[in-house]
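Reader: Could you walk me through this one before I set anything up? I would like to go topic by topic, and I will interrupt as we go.

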Amino acid sequence: MTDDALIALRPWEAPEVTSWGRLPMNAVDRRSGALPLDGDWCFQLLPTPDAPVGGAWSSAYVPGVWTMQGTDDLPQYLNVRMPFPEFPPHSPAANPTGVYERELDVPAEWAGRRIVLQVGAAESVLLVHVDGRPVGVSKDSHLAAEFDLTGLVAPGSPGTLRLTVVKWSDASHIEDQDQWWHGGITRSVLLYATDPLHLADVTVRASHAGELQVDCRVRDAGGALPEGWYVSGELDGLLLAQDAEFDRFNREDDRVSDFLGEARLADTVPDVRTWNAEQPELYDLTVRLHRADGTVADTARHRIGFRDVEIAGRDLLVNGERVFIRGVNRHDFHPLTGRTVSYDDMRADLITLKRFGFNAIRTSHYPNDPALYDLADELGFYVVDEADIESHDHAHEIADDPRYLNAFVDRVSRMVLRDKNHPSVIVWSLGNESDYGANHDAAAGWVRRHDPTRPVQYEGAAKLDWAAADDASDIACPMYAPLEECVEHALSGRQTRPLIWCEYSHAMGNSNGTLADHWAAIESTPGLQGGFIWELWDHGILQRVNDGRPVGRGGAGLYDNGVAAPGHRWAYGGDFGEVRHDGAFIADGVVLPDRTPKPVMYEHREIAAPVRIECFRHEGIVLGNHQHFRGLDRLAAEWELSLADGRTLTSPAELPDLRPGETAAVPLPFELPEDGGEAWLTLRVTTAGDEPWAPRGTVVCAPQVRLREAVPHVPVAVRNRSVEVDDDGLLVHPLLTRAPTLSLWRAPTDNDELGGMAARWRDWGLDAPVRKVAHIRQTPGQVTVHAEYVSEAGVVRHVQVLTAVEGGIHVAESAELPERLDDVARVGSVFETIAGLDLMEWYGQGPWESYPDRAFGAPVGHHAVPVDELFTPYLRPQESGGRHGVRHFTLSAPDATGLTVVLDEPRQVGVSRYRAADLTSVTHHDELVPRASCAVHIDAAHRGLGTASCGPDTFASYLVAPGVHRWSWTLRAL
Ligand code: IPT
């Protein structure tokens, strides 16, 4: 073959060709002892794969995508639509192709050894040459490709390795995931050496009863298997027994008289420490291949866990327990590299998830870096491992297309071959959004035969009928199916298999409404077992505003707390000049682009609370252990009593000794003071010692119970003080720069926009209704203002009764919404304060942001947050920073001047540096200019957030109904 023979074969246009010259996938980890090839490589970007390689080289960092490294080929964001019009299996003529070159210095001591190149991942087609000679081809952008370089590179004398990466190919059509399109080498490249006779694969089965079976496959690069070689195994230092039965069977086989290249070790571990996500016990397994003289030719190390997964009826069981799946979908993403994630990044992702109560990950939508599974084993996560198949735009054409059959089976089987020994992997997923066809059944058949120890799932297979039998999904794993449909199915008597959403609660912008309602139903409905929130990350790429370029690897420190440094922003679809793009739909995670948790994370932590207050009875507080496997021994706790009058009392708490599922009553830790008003008791639960994912003292949850109801606040009117209003009936007050008026509008959230609500609100003109004063009536100490807010949808009558009361002004309001306004964002008051009020203190739910349908578990108490920090910097500016259940609040300047507002009942309050109009007038956070004043909203009613950007809207109970709304509040100067 000539040096451009691989190019001449045009493998990027041949879906049947999944690889050429590539070694079989296996589960033997070769990372330690390998020669890393990461770093700066010589690089040039060609316009097409067959363009001649020129003499001008620049450099590119490996692993990394060139789309983030200064080339003119920039990231492009598209969800479903392909970035080019060609039908599968075709790709466009203009096809950026990266040529990476570097010297290979193979150590002299590797002479006589088998030398293997491993390319961690390249998208989308990889062509390998050494010294101009073709070595191999690989597809599948999210799994490693290995090539045997023995004989092609001479230990001790340098050679040239060229990796050519073609961006668009037949494979792009099955890698049409909802994420940025890039090109390049995204995972580490390395070189390793083995004995020619080596451990080719190791398959571990370790049950929760302690039974261990280790199957080893030995291969000789030369084909011959010499006599006397054998395999040994050690588990945590103890020698494992050979499986005599297996040996005898092989030896009696008349085809071979001695070592067949297969060996089985089998043993039973007494008193085994089982693996589960709560207590991820791991054992060190070492497998050695010995020469006839006993010396070691090869070693494979695994950290294994003893656990079982099975489906029993409609329950997915781990070690016999019906575990709840508190999952999230995780893409490989980083704001500086685009796609490449370091070990530290992966660890930080998982630690964040662990701290916020997640126990499961779906590797949406492709196999992750091997290190992620090591971390999941170690930190404790259940993993749904997903194959790199999504043909979204051409789903129907491809699912049954025999030209893609190889690719489907190849991608699924290679994932299974690589990841089969990880206890964390509990389910294999055949991919995402690719319709359902024979290619899926072929892949499912392969998995079921090869690994009968784990279920298989594929959303598309179970989509049309969750109860259908005999398809490629052992689990009904819908995406965004409405809760009521799922509950109905579970109660119907028709359910045949577990129901676990593969995607639900779309986290785009200010979202995840009704998450707690979902969990209330999941925990109380047999047959529902949880799901995976869509998704972990907001994929905002750090971009310089002046030249529109991605910042790239050097950008660490250019962001803080979810906000990009001045002159930078988080780019979403369209920001790199893409003509076809899907906008901010890429910003739909529970963490901001720098991994700052969005408020929903705190809510999730409470939803997942391992310890709960079940109820408050006269004999005390009933606590429950909601874990599946552990006691409460690794947790510490403290009681906190929060009284409306401002007092907070604390006392250490003794957690009872409870097994999973048990409850016990503990005495009330405080004598409830006679006075003090509303009273809430919180159990602040923290880690008792250092955990791999959290230092000692990290908050785990803070369940709460109300011990005493509020005493209604009755302001006392004073007649000798007047209330001043202007000619329009607007309150004149020294602390306010804008008088309280009626607000029916919020800066639309992504859910409001994509769910179509915002369009209706705009059509109705709710963003700018015309206020007309109908009538002003003044009596001593009181002014009553009747106004009409006129919009396309009719007239909203608004009455404001302003009364002078002790220390301030009492504002009693009502608004009457016509029937047509059957779904508005809010009904409430809006006003603005003087400048300089920087601190908000309140008694109510907090401290994190909350909304009516995302207010679970934010404890009622006394909270204080600087006004600037109330706001969540959602990528596309929108309604943000609200607090639910506020009873009273204060806005103050450092010199203690300011105002306080006491509400008639717990209400939604929003305090922000931005007016709703400020938020709607820009597209990115960096364009916002904070005002010196505070824009304050007090809502009689505020619409829930829902998840309508992709999935169900909020429930009817969280909508703002037409008719009369009444609310009142008292404003006082400090
Ligand atoms: C679903 C996709 O699987 C996921 O990749 C992402 O696009 C998500 O939606 C929305 O952000 S598919 C959708 C058509 C339900």
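**Sheets, rings and single residues**

Author: Gladly, and please keep in mind throughout that this is a predicted model. Where would you like to begin?

Reader: With the sheets. In what order do the strands of the seven-stranded one run, and is the pairing parallel or antiparallel?

Author: The seven strands form an open sheet in the order S29-S28-S27-S26-S25-S31-S30, and the pairing is parallel. At the edges stand S29 and strand S30 (499-504), each with a single partner strand, so one side of each is left without a neighbour in the sheet.

Reader: Which helix packs on that sheet, and what does it touch there?

Author: That is helix H9, residues 483-491, which touches S30 and strand S31 (528-533), and the direction of the helix makes about 170° with that of S30.

Reader: And S27, how many of its residues are buried?

Author: Strand S27 covers residues 382-386, and five of the five are buried, so the strand is largely enclosed by the rest of the structure. Tyr382, Val384 and Glu386 point one way from S27, while Val383 and Asp385 point the other way, and all of them are buried.

Reader: How many bridges join S26 to S27, and which residue stands opposite Val384?

Author: Strand S26 (residues 360-362) is joined to S27 by three bridges, with the two strands running parallel, and Arg362 is the residue opposite Val384 in S27. Towards the S29 edge, S28 and S29 pair over two bridges, also in the parallel sense, and there Ser429 has Gln457 in S29 as its bridge partner.

Reader: Now the three-stranded sheet, what is the order there?

Author: The order is S36-S37-S40, an open sheet with antiparallel pairing. Its edge strands are strand S36 (611-617) and strand S40 (663-666), each pairing on one side only, and the twist averages 30° from one strand to the next. Strand S37, residues 620-625, is joined to S40 by four bridges, and within this sheet Ile621 stands opposite Val666 in S40.

Reader: Changing topic to the rings: how many aromatic pairs are there?

Author: The count comes to 20 aromatic pairs. One of them is Tyr436 with Tyr458, a tilted pair at 6.5 Å centre to centre, with 50° between the planes. This pair links distant parts of the chain, 22 residues apart, since Tyr436 lies in the loop between strand S28 (425-429) and helix H7 (438-450), whereas Tyr458 lies in the loop between strand S29 (456-457) and helix H8 (459-462).

Reader: Are those two tyrosines buried or partly exposed?

Author: One of each: Tyr436 is partly exposed, with a relative accessible area of 25%, and Tyr458 is buried, at 1%. For another geometry, take Trp501 and Tyr504, whose ring centres are 5.1 Å apart with the planes at 20°, so that pair is stacked. Both Trp501 and Tyr504 are buried. There is also an aromatic cluster formed by Trp41, Phe43, Trp66 and Tyr100.

Reader: I need to assign cysteines next, so how many disulfides does the count come to?

Author: The count comes to zero disulfides. Take Cys486 as an example: its sulfur is 11 Å from the closest cysteine sulfur, in Cys502, which is too far for a bond.

Reader: Is Cys486 buried or exposed, and where does Cys42 fall?

Author: Cys486 is buried, with a relative accessible area of 0%, whereas Cys42 is partly exposed, at 38%.

Reader: Which side chain does Thr67 make a polar contact with?

Author: The side chain of Thr67 makes a polar contact with the side chain of His182, at 2.8 Å. Thr67 sits in the loop between strand S5 (64-65) and strand S6 (76-78) and counts as buried, at 1% relative accessibility. Beyond its sequence neighbours it touches several residues, including Asp73, Lys167, Gly183 and Pro550.

Reader: Last one, where does Leu558 lie, and what does it touch?

Author: Leu558 lies in the loop between strand S32 (541-544) and strand S33 (559-560). Leaving aside residues up to four places away in sequence, Leu558 touches Leu542, Val551, Ala564, Ala565 and His568. At 25% relative accessibility, Leu558 counts as partly exposed.

Conventions. Residues numbered from 1 in each chain as written. Predicted model: local features only at pLDDT ≥ 70, side-chain atom pairs only at ≥ 80, totals over all residues. Heavy atoms only, no water. Disulfide = S-S within 2.5 Å. Buried < 20%, exposed > 50% of the residue type's maximum accessible area, 1.4 Å probe, protein only. Contact = heavy atoms within 4.5 Å. Pairing = 2+ DSSP bridges. Axes fitted to C-alpha atoms, helices over the stretch in contact; angles between N-to-C directions. Polar contact = N/O pair within 3.5 Å; in protein donor to acceptor, adjacent residues only side chain to side chain. Phe/Tyr/Trp six-rings, centres within 6.5 Å; stacked < 30°, edge-to-face > 60°.
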